[in-house]
Amino acid sequence: SNAAVVSHTVPTTMAPGERRVVTVRMRNTGATPGANDWTPSSYRLGSRGTWFGWPHTFATTTVAVGSEHTFSFVIQAPSSAGAYAFRAQMYAPTGYF
């Protein structure tokens, strides 16, 4: 399994406590059709140490190798002002990739 970011709407600034809907469009760049397809409830876009109150979002459909999927979710800025990094990564049953 592999993935590439196609586009996203992650904001660069937010007010403390502000909530925003975010979308991240990912391409399945796996090598083997069928074996590397992303399946709902198994493949997800997951938080990697972010401060935005969002753990993960599952794929809503099967995403074949070479296809794209848009993940949509809500993030909330920390209550204290400061600089915080938003990081996310694809997760499969075998771990992050």
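## Exercises on a predicted all-strand model

The 17 residues that line the largest pocket include Thr 13, Met 14, Phe 52, Gly 82 and Tyr 84, and these five lie nearest its centre. The model used in these exercises is predicted.

**Exercise 1. State the volume of the largest pocket and classify its lining.**

Step 1. The space in the largest pocket comes to about 240 Å³. A general principle underlies such a search: a probe the size of a water molecule, rolled over the atoms, shows where empty space is left.

Step 2. Sorting the lining by class gives 13 nonpolar and 4 polar residues. Charged residues are absent from the lining of this pocket.

Step 3. Among the residues nearest the centre, Met 14, Phe 52 and Tyr 84 belong to the nonpolar class, whereas Thr 13 and Gly 82 count as polar under the scheme used here.

**Exercise 2. Describe the overall architecture of the protein, from secondary structure to surface.**

Step 1. Counting the elements yields 7 strands and 0 helices. Along the sequence, the pattern therefore reads β-β-β-β-β-β-β.

Step 2. Along the principal axes, the C-alpha atoms occupy a box of roughly 45 × 20 × 20 Å.

Step 3. Consider next the contacts between residues at least 6 apart in sequence: 62% of them join residues at least 24 apart.

Step 4. Of the 97 residues in the protein, 31% are buried, the cut-off being a relative accessible area under 20%. The exposed surface of the protein is about 5400 Å², and 51% of it is supplied by carbon and sulfur atoms.

**Exercise 3. Determine how many salt bridges the structure holds, and identify which residues are linked in a network.**

Step 1. The structure holds 3 salt bridges. One of them pairs the side chains of Glu 18 and Arg 20, with an N to O distance of 2.8 Å. Glu 18 is partly exposed at a relative accessible area of 23%, and Arg 20 is likewise partly exposed, at 32%.

Step 2. Another salt bridge joins the side chains of Arg 25 and Glu 68, at 2.8 Å from N to O. Arg 25 lies in strand E2 (residues 19-28) and Glu 68 in strand E5 (residues 68-76), so this pair ties together parts that are 43 residues apart in sequence.

Step 3. The side chains of Arg 27 and Glu 68 also meet in a salt bridge, again with an N to O distance of 2.8 Å. Arg 27 is in strand E2 and Glu 68 in strand E5; the pair therefore ties together parts 41 residues apart in sequence.

Step 4. Arg 25, Arg 27 and Glu 68 are consequently linked in a network of salt bridges. Accessibility completes the description of this network: Arg 25 is partly exposed at 29%, Glu 68 is partly exposed at 28%, and Arg 27 is partly exposed at 33%.

**Exercise 4. Characterise the backbone and surroundings of Ser 41.**

Step 1. Begin with the general expectation: most residues other than glycine have a negative phi.

Step 2. Ser 41 is not a glycine, yet its phi is positive, at about 70 degrees.

Step 3. Locate the residue: Ser 41 is in the loop between E2 and strand E3 (44-47).

Step 4. Assess its accessibility: the relative value for Ser 41 is 55%. Exposed residues are those over 50%, so Ser 41 counts as exposed.

Methods. Residues are numbered from 1 along each chain as its sequence is written. This is a predicted model: local features need pLDDT of at least 70, side-chain atom pairs count only at pLDDT 80 or more; totals for chains, interfaces and linings use all residues. Side-chain values use heavy atoms; hydrogens and water are left out. Helices (H or I, at least four residues) and strands (E, at least two) are DSSP runs, numbered from the N terminus. Buried means under 20% relative accessible area, exposed over 50%, partly exposed in between (1.4 Å probe, protein chains only). Contact means heavy atoms within 4.5 Å. Accessible areas come from the Shrake-Rupley method with a 1.4 Å probe; for residues, only the protein chains shown count as cover. On a 1 Å grid over the protein atoms alone, a cavity is a set of points where a 1.4 Å probe fits but cannot get out, and a pocket is an open set with protein on both sides within 12 Å along at least five of seven lines; lining residues have an atom within 4 Å of a point. Grid points are joined across faces, edges and corners, and a volume is the space filled by probe spheres set on the points. A salt bridge is a side-chain nitrogen of Lys or Arg within 4 Å of a carboxyl oxygen of Asp or Glu.
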